[in-house]
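Thanks, everyone, for making the time this morning. I would like to walk you through one structure, starting with its aromatic side chains and then turning to charge on the surface.

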Amino acid sequence: EAKELRGMAKFEAKIAKAAVRALTKPKREISKTRSKRLIDYRFQYLAYLMAFMWYMIAAYFAILYGLKFSTAIEQAWLIAFFVSVLQDLFVNETLIISMQTSVKFIALPNIAGWIAGRIVSRYH
């Protein structure tokens with residue numbers, strides 16, 4: 001049991017040293033030169049075009065499917081379809097992106113800092 005405790009102490013000491021090194025490491029200088037792109041910028045436009053085309057094809061087939069209904073059902077179905085698409089685009093996706101961003105940039109650094117502080121405080 002004493003060997004286990006010494007082994008854990010060594011392990012925690014290594015983690016504490018790594019945490020102190022990571023927290024006290026000087027920030028990297030932002031270079032004045034432009035970073036070289038790995039992929040040509042035109043591929044970004046191609047990706048947006050392909051996503052837009054995929055969206056339009058899916059909407060086309062959804063509208064064709066909706067045309068099989070009677071006039072009243074067709075109008076209600078099309079309204080529900082467009083409302084659900086707009087809700088997904090402006091509400092759901094916005095909430096997903098904002099939650100992912102808040103977790104990534106607010107919660108995780110705070111948790112990592114708290115854990116590192118607990119480890120470092122044991123040895124100082």
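Let me begin with tryptophan 77, which counts as partly exposed because its relative accessibility is 24%; please keep in mind throughout that this is a predicted model. Its partner of interest is phenylalanine 81, and since the two are 4 residues apart in helix H3, which covers residues 71-122, about one helical turn separates them. Phenylalanine 81, for its part, has a relative accessibility of 19% and therefore counts as buried, the cut-off being under 20%.

Now to the geometry, where a pair of aromatic rings is described by the distance of the centres and the angle of the planes. By the pairing rule applied here, the count comes to 7 aromatic pairs. In one of them, tryptophan 77 and phenylalanine 81, the ring centres lie 5.7 Å apart and the planes stand at 10°, so this pair is classed as stacked, which requires planes under 30 degrees apart.

What arrangement do the rings of phenylalanine 81 and phenylalanine 82 adopt? Their centres are 5.2 Å apart with the planes at 70°, and so the pair is edge-to-face. Phenylalanine 82 is partly exposed, because its relative accessibility is 41%. Taking a wider view, Trp77, Phe81 and Phe82 belong with Tyr65 and Phe69 to one aromatic cluster.

Finally, the charged surface: a patch of positive charge is formed there by Lys10, Lys14, Lys17 and Arg21. Of these, lysine 17 sits in helix H1, residues 2-24, and it counts as exposed because its relative accessibility is 59%.

Key
Residues numbered from 1 in each chain as written. Predicted model: local features only at pLDDT ≥ 70, side-chain atom pairs only at ≥ 80, totals over all residues. Heavy atoms only, no water. Patch = residues over 30% accessible without salt bridge, like charges linked within 9 Å, V, L, I, M, F, W, Y side chains within 5 Å. Areas by Shrake-Rupley, 256 points an atom, 1.4 Å probe, with all protein chains shown as cover. Salt bridge = Lys/Arg side-chain N within 4 Å of Asp/Glu carboxyl O. Lys, Arg positive; Asp, Glu negative; His and termini not counted. Charge placed at Lys NZ, Arg CZ, Asp CG, Glu CD. Buried < 20%, exposed > 50% of the residue type's maximum accessible area, 1.4 Å probe, protein only. Phe/Tyr/Trp six-rings, centres within 6.5 Å; stacked < 30°, edge-to-face > 60°.
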